Amino acid sequence: MVRQVKQKPMNWIEKLYIFEAFRGLYVTLKHALRGVFRYETLPTVPYPEQKPEINHAYRAKHRLMLRPDGSPRCVACQMCATACPAKCIYIEASTSADGRIEKSIQRFDIDHLVCVFCGLCVEACPVDAIRMDTRETSYVHRDRQSFITSMEELMDWDPKDYPEDDFQSQVAPGGKRNKEALDSWGLKVN
Amino acid sequence: MKVLAPNGEKLNLMPLNVGPSHGATHGCLRYFCALDGESIVATATEIGYLHRGFEKMAEQGTWQQVIPYTDRLNYCSAMMNNIAYCRAVESAYEIEITERNKVIRVIVNELSRMADHSICVAAAAQDLGSTTGFFYLFDSREMMMVIWEKLTGARLTNSYARIGGLYRDTYHGFEDDVLEVCKQAEKNLKDIHAVFDRNRIFLDRTVGVGKISKERAIDWGWTGPCLRATGVASDLRKDEAYYDYETYDWSVVTGSTGDVYDRLMVRLVEMEESIKIVRQALKRLKPGPIDIVDPRIRVPAHDLTYQDMESLIGRFKSVYEGVRVPKGEFYSGSEVANGELGFTLISDGTGKPWRIKVRPPCLTQFAAFQELVEGSMLADSVATLSSLNIIAGELDR
């Protein structure tokens with residue numbers, strides 16, 4: 001099926017311009033009056049006074065998830081650093097204090113000037129240790145060094161800011177099925 | 001600038017540089033005109049100001065890591081590039097994606113097409129001096145951007161498609177949002193038609209300007225709306241149908257003369273067709289899996305990874321080594337907003353692409369720019385350029 005756009009030559013009314021201009025003016029006037037009488041229906045946002053709402057699904061600044069005892073969930077497997085197309089994650093591993101877990105992180109830096117916010121690190125993580133749901137989208141620092149976000153900064157977040165059914169969360173270790181498995185092995189789960 | 005014409009005539013021309021950063025060039029490109037009064041006698045185009053080395057960068061990482069780069073090709077409809085790239089890799093594997101994935105990809109494709117056409121026509125309106133038209137079209141585009149924000153987590157560089165799957169499933173309320181966008185887009189189209197269609201200023205600036213014949217357009221390798229505007233009913237969605245496009249009820253939109261007016265109107269009418277496809281696709285959107293189950297192609301789902309050792313290993317191998325695309329050379333062209341976006345993939349069987357060559361749709365259109373504008377007025381060249389929808393990110397790669 002083919003639908004052809006026809007070109008019509010202008011008739012004499014259209015050649016006079018003024019009548020067609022009024023038809024256009026009618027449309028623009030309608031929109032202008034909408035701004036006066038129904039201001040709340042306008043699609044624009046008066047920015048600095050009213051901030052647009054950003055939801056948790058938005059890929060913003062990263063955060064590192066924590067275990068119940070407050071240590072980072074990260075096991076330093078380098079998956080995020082490998083998956084990153086911009087190579088902005090730097091990880092240094094150390095031995096974990098917990099006997100059940102082999103490694104933990106000593107250093108975890110994300111350079112937010114290099115990051116392209118593609119979300120591949122979140123997708124790659126095998127233990128759901130990194131998420132990008134802080135809703136922080138504006139970064140203002142005075143020098144480049146400050147854009148390199150350290151582990152402490154990434155772990156510094158308030159659980160109250162995050163809903164339970166987090167959109168970016170995967171079914172994390174310690175989830176229902178995992179708990180059953182670990183219970184059957186006689187292991188304690190937090 | 002004194003110039004000796006080939007017939008021995010001495011011409012006194014004025015050289016004029018338009019671009020690289022000029023409001024009408026939409027990005028970074030340059031054309032150098034030799035003007036006689038206000039009409040263009042000769043012009044030379046230059047590209048490469050936005051060259052980021054996409055093809056070389058793609059060779060540095062794994063096949064999956066190319067996806068964020070494809071966002072930056074045509075940044076007005078980033079997801080269509082993601083999908084086109086993933087389709088190319090999937091065609092190398094010769095795998096079928098799941099039914100739900102297909103439908104979501106069709107919806108996303110068509111909404112992106114609408115967004116891209118909105119930008120093209122809006123920017124053309126802006127260049128022709130109508131800021132009003134610009135904002136009417138951006139109204140529905142903004143609603144699409146909000147959908148992208150919820151669906152993919154980013155507004156512009158979405159990185160939504162994955163090889164053999166999608167980044168994530170749709171959110172709750174996605175269907176209603178899409179329907180609302182369709183409604184709003186129809187309203188905006190009505191407004192834009194009322195303002196532009198029979199307005200004499202618009203017609204005088206566009207009708208008969210930047211004309212190209214069918215044969216010349218095909219010679220230059222044109223595709224997409226620009227070729228269709230010359231009257232050739234060529235659309236990859238019909239000709240080499242993919243994602244079940246042939247089963248939807250829609251028609252290919254063609255123009256008749258191939259001037260600026262036709263190119264812009266074809267885009268506006270194509271938006272109507274896209275709305276039709278989206279409405280039909282929403283009816284087909286049934287619950288189901290979105291990722292294919294094959295750890296060699298698509299990483300195993302997270303909840304499997306936490307329970308199952310094999311999936312965890314599959315996950316590590318997929319990220320560390322990349323998907324191993326079969327050895328050989330593959331080409332796959334998809335119909336994106338501007339025309340045929342082709343990916344030539346050369347794989348040596350390892351996890352990294354050996355070579356990726358992109359066939360950007362607007363390169364061929366910009367190549368013919370010289371032919372379109374020579375002999376016309378300088379102001380017409382601005383109208384011609386914006387009707388071609390040159391996206392510098394895609395042009396220079």
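How much space lies in the second largest pocket? In this predicted model, the second largest pocket holds about 1,100 Å³ of space, and the sections below take up this pocket, the helix contacts and the cavities in turn.

## The second largest pocket

Of the 29 residues that line the second largest pocket, those closest to its centre are A:P43, A:T44, A:V45, B:E142 and B:R155, a set that is drawn from both chain A and chain B. The elements that give two or more residues to this lining are α2 of chain A, residues 18-37, together with α5 of chain B, residues 131-152. Of these, α5(B) supplies the largest share of the lining, with 10 residues.

Sorted by class, the lining of the second largest pocket has 12 nonpolar residues, alongside 8 polar and 9 charged ones.

## Helix α2(A) against α5(B)

The two helices that contribute to the pocket lining also pack on one another: α2(A) and α5(B) meet at an angle of about 60°, with their axes 12 Å apart. Angles from 35 to 65 degrees fall outside the parallel and perpendicular ranges and count as oblique, and α2(A) and α5(B) are therefore oblique to each other. The crossing in which α2(A) passes α5(B) is left-handed.

On the chain A side, A:V27, A:T28, A:H31 and A:R34 of α2(A) take part, and they meet B:T132, B:Y136 and B:D139 of α5(B). By class, this contact of α2(A) with α5(B) has 2 nonpolar, 3 polar and 2 charged residues.

## Helix α2(A) against α6(B)

Helix α2(A) has a further partner in chain B, namely helix α6, residues 174-196, and the axes of α2(A) and α6(B) come within 7 Å and cross at roughly 140°. Since only angles over 145 degrees count as roughly antiparallel, α2(A) and α6(B) are therefore oblique to each other. Here, too, α2(A) passes its partner α6(B) in a left-handed crossing.

The contact is made by A:R23, A:G24, A:V27 and A:H31 of α2(A), and by B:D191, B:A194 and B:V195 of α6(B). The residues of this contact between α2(A) and α6(B) divide into 3 nonpolar, 2 polar and 2 charged. Two residues of α2(A), A:V27 and A:H31, appear both in the contact with α6(B) and in the contact with α5(B).

## Helices α11(B) and α16(B)

Within chain B, the axes of helix α11, residues 260-284, and helix α16, residues 378-388, come within 9 Å and cross at roughly 30°. Angles under 35 degrees count as roughly parallel, and α11(B) and α16(B) are therefore roughly parallel to each other. Helix α11(B) passes α16(B) in a left-handed crossing.

From α11(B), the contact involves B:V260, B:R263, B:L264 and B:R267, while α16(B) contributes B:A383, B:T384, B:S387 and B:L388. By class, the contact of α11(B) with α16(B) has 4 nonpolar, 2 polar and 2 charged residues.

## Enclosed cavities

The structure holds 5 cavities of 30 Å³ or more, and the largest cavity has a volume of about 210 Å³. Its lining comprises 16 residues, of which A:L120, A:E123, B:Q64, B:V299 and B:V319 lie nearest the centre. The elements that give two or more residues to the lining of this largest cavity are α4 of chain A, residues 120-124, together with α13 of chain B, residues 309-321. By class, the lining of the largest cavity has 8 nonpolar, 4 polar and 4 charged residues.

The second largest cavity contains about 90 Å³ of space. It is lined by 15 residues, and those nearest its centre are A:C74, A:C77, A:C80, A:C125 and A:A129. The lining of the second largest cavity has 14 nonpolar residues, 1 polar residue and no charged residues, whereas the lining of the largest cavity includes 4 charged residues.

Key:
Residues are numbered from 1 along each chain as its sequence is written. Chains are lettered from A and ligands numbered from 1 in the order in which they are written. This is a predicted model: local features need pLDDT of at least 70, side-chain atom pairs count only at pLDDT 80 or more; totals for chains, interfaces and linings use all residues. Side-chain values use heavy atoms; hydrogens and water are left out. Axes are lines fitted to C-alpha atoms, for helices over the stretch in contact, and angles run from 0 to 180 degrees between N-to-C directions. Helices (H or I, at least four residues) and strands (E, at least two) are DSSP runs, numbered from the N terminus. Angles under 35 degrees count as roughly parallel, over 145 as roughly antiparallel, 65 to 115 as roughly perpendicular and the rest as oblique. A crossing is left-handed if the near helix is turned anticlockwise from the far one by less than a right angle, and right-handed if clockwise. Contact means heavy atoms within 4.5 Å. Ala, Val, Leu, Ile, Met, Phe, Trp, Tyr, Cys and Pro count as nonpolar, Asp, Glu, Lys and Arg as charged, and the others, Gly among them, as polar. On a 1 Å grid over the protein atoms alone, a cavity is a set of points where a 1.4 Å probe fits but cannot get out, and a pocket is an open set with protein on both sides within 12 Å along at least five of seven lines; lining residues have an atom within 4 Å of a point. Grid points are joined across faces, edges and corners, and a volume is the space filled by probe spheres set on the points.
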